[in-house]
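Biologist: Please take a close look at the open and enclosed spaces in this model. I would like to know what lines them.

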Amino acid sequence: MKKSSKWAPAEAGSPCHLGAAADEDGVNFALFSAHATRVELCLFDETGTKELHRVDLPEHTDEVWHGRLPGAKPGLVYGYRVHGPYKPDKGHRFNHHKLVLDPYARALVGQLQWGPSLFGYQLGHPDADLSFCELDSAQAMPKARVLPDDPRAIPARPAWRRPWDRTIVYETHAKGFTQRHPAVPADARGRFKGLAHPEVIAYIRSLGVSSVELLPIHAFADEPHLHDHGLSNFWGYNTIAFFAPDARYLSGGQLADFTEMVDRLHDAGLEVLLDVVYNHTAEGNGLGPTISFKGIDNASYYRLDPQHPRHYINDTGTGNTINANHPRVLQMIMDSLRYWAGLGVDGFRFDLATVLGREPQGFDQTCGFFQAWRQDPVLSPLKFIAEPWDCGPGGYQVGGFPPGWAEWNDAFRDQLRAFWRGDEKQVPSLASRLTASADRFRHRGRKPWASVNFITAHDGFTLADLVAYNDRHNEANGENNRDGNSNNISWNCGAEGPTDDEEILKLRARQQRNLLLTLLLAHGTPMLLAGDEAGRTQQGNNNAYCQDNEISWMDWDRTEDQESLTNFVRKLLWLRDTLAVLRPKRHARGRHPTRAGIRDVAWVDAAGRELQPAQWNDAAMRSIGMLADARALLDGRPPAGQHGVTTLLVVNAHHDLVLWSMPAHHGVARWTRIVDTNAPLEREIPEYAPGDVYEVTGRSALLFVSGTDAASTALVKELVDGLRRGEISGPVGR
């Protein structure tokens, strides 16, 4: 490459700040590579198509290659060529013919174009990745664009920030949520601007959720096999740059779109959580492409088999595993998290989070990542949520993360699905799941919120499909329906897929309400999959990661039944917010800490009596009641009027009607039925005395409430009056 006279020689610069940092009269570049022998900085025109200049980074300090380019300005487009040994059998895959992305790139220009030039070896060569490819990859690669130093200081967290016990996570997708929204302008649909639209935010806020969790928005690549089938990666779990938002969500490549979205959601009192993928990258295994880390320092960025470093440790099931216990890789992860926190993000959900806790001997709560997080003044106050498993040995760690973390609780998902399907022997475990899985989380001072309860998530059936399909139907994915989980613990209620049978449709609707009620009123932190509140279907596809179309996009054209389901969700979340006993700050222990005769949680049968040991072990038992008493459960300082509130949650998975005798309880004179999934939005709110019999419909769930003193009785009356008027929003007793 002939050097242009436009550029002054590179100065030594500084190794202190990795990435590209612009000052008043130049840009400093710094790149970590412990094993490189030379690093070339390549400059391109503003479109990233023509290389204009190439210069060596002149200094190498503490394994960081660095240099400052005088006269360079923000907007400069660049990439690197990193020289070093190409010895896959030693773990090194340097190939200076491949342009590589800066790991600290904050904005990308262009898209990855799949082809032979992206690979460090010769495709089809008999020696596979031991061969060497001299094809130049620059034209097939996205490049980094230098941004001005971000002027935003790390903001103070909003004064309204939701405490964990009032957190309801709403998992959605930055594109899929607004792509079909009729009020969003066409040029904003499917982008951050769409999520910032007032009508979109008003809808989210109206549900009663607290926190919008976005599927990955970091720049990502489509997999080659999807490209070959005319599909694309929709979910985004294939990261290539941890500091850059994917251009598909931006209008004109403007980062301001993201910060504007965050600000508007904050203005509405909603938190923003990001799903992040620091466990693997899009570079795959030894036969994958060279995009960034593989060509910068493969042996540092990835975990390799110590005995055979040509091969990657594959604890993620994607071909590679990021080496999070390497100091510089850990630094990159922490720097990335702090960067997004600086843009206003309130927390993170970590995909395959067990990877981040792995040391050479296995998962370790004292690993470098957890120590770095705990002492970090910016990150430690934020919400951190783990997907607490990976594919490696000992990878299932539900309940095993350190205090301060919340975790996806798949045991809750599986137990509630099995119970409502009518499976046998579910009652003992069901009781644990409804009380925040104390068997897994009640240790080291961890609170009920540590259990993130969910029935459905992006990965798997939607709620509507869970009650309409026994089997996956993933034919559209192009893998002959072999992909996706075959163990869905689902039940189609008597017909596979769409049906005109009115009885089946009624049962499916009630089953959805049953699952929603037990999710949203159980102890712990509920997570609701966007669209489940309106019966969204994916037509039986339980692995829609590659369906960037109507299968995955939210449908805003809703039927009366779908609107009714949405209002039912609003009602449940209003009740959860109103009644502190439904969201306790400590785990139930089946007793009062100091007062005999009152228990925080008790379990009763249809006769209104406490469950006996034989009943707990009865395989046919499918109908139980959970009695929660705020006088014991909210010891300390309960909210005004809440001290004497008692609730009775009745769940009946039996196929037929059950005659339920209302239990006697200390201080309870009347039970008020405020929810019945067989009459979800009924305005009539009847009362029952202890001993009265209630006819509980087969496969249904109910919530009764009572006050045991003057203040709590007044609160219950105010709540009931609101329900009778249909006012299922706003504060009650607060």
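**Pockets and cavities**

Modeller: Helix 8 provides the largest share of the lining of the largest pocket, four residues. This is a predicted model, and the largest pocket in it has a volume of about 1,200 Å³. The lining of this pocket numbers 45 residues, and those closest to its centre are Trp235, Thr316, Asp351, Asp459 and Asn543. Two elements give two or more residues to that lining, helix 3 (224-228) and helix 8 (410-421). Sorted by class, the lining of the largest pocket consists of 16 nonpolar, 19 polar and ten charged residues.

The second largest pocket has a volume of about 780 Å³. It is lined by 27 residues, of which Leu505, Ala509, Gln512, Asp561 and Gln562 are the closest to its centre. Helix 12 gives the most to this lining, with seven residues. At least two residues each come from helix 11 (463-466), helix 12 (502-521) and helix 13. The classes in the lining of the second largest pocket are eleven nonpolar, ten polar and six charged residues.

Next come the enclosed spaces. The structure holds eight cavities of 30 Å³ or more. The volume of the largest cavity is about 190 Å³, and 16 residues line it, with His173, Phe234, Leu529, Arg536 and Ser552 the closest to its centre. Its lining is made up of eight nonpolar, six polar and two charged residues.

The second largest cavity contains about 80 Å³ of space. Among the residues that line it are Arg417, Trp420 and Arg421, together with Leu466, Val467, Ile489 and Trp491. Other residues of that lining include Ser490, Cys493, Gln511 and Leu515. Helix 8 appears again here and gives the most to the lining of the second largest cavity, with three residues. Helix 12 also supplies at least two residues of this lining. By class, the lining of the second largest cavity has seven nonpolar, two polar and two charged residues.

Helix 13, which supplies part of the lining of the second largest pocket, also has a packing role. The buried residues of helix 2 pack against helix 13 (560-578), as well as strand 12 (169-172), helix 1 (192-195), strand 13 (211-214) and helix 4 (256-267). Those buried residues of helix 2 (residues 198-207) are Val200, Ile201, Tyr203, Ile204 and Leu207. They line one face of helix 2, because they fall within an arc of 155 degrees when seen down its axis. Exposed Pro198 and Arg205 sit on the face of helix 2 turned away from the buried side.

How values were computed. Residues numbered from 1 in each chain as written. Predicted model: local features only at pLDDT ≥ 70, side-chain atom pairs only at ≥ 80, totals over all residues. Heavy atoms only, no water. Buried < 20%, exposed > 50% of the residue type's maximum accessible area, 1.4 Å probe, protein only. Arc of directions from axis to C-beta. Contact = heavy atoms within 4.5 Å. 1 Å grid on protein atoms, 1.4 Å probe; cavity = no way out; pocket = protein on both sides within 12 Å on 5 of 7 lines; lining within 4 Å. Points joined across faces, edges and corners; volume = space filled by probe spheres on them. Nonpolar A, V, L, I, M, F, W, Y, C, P; charged D, E, K, R; others polar.
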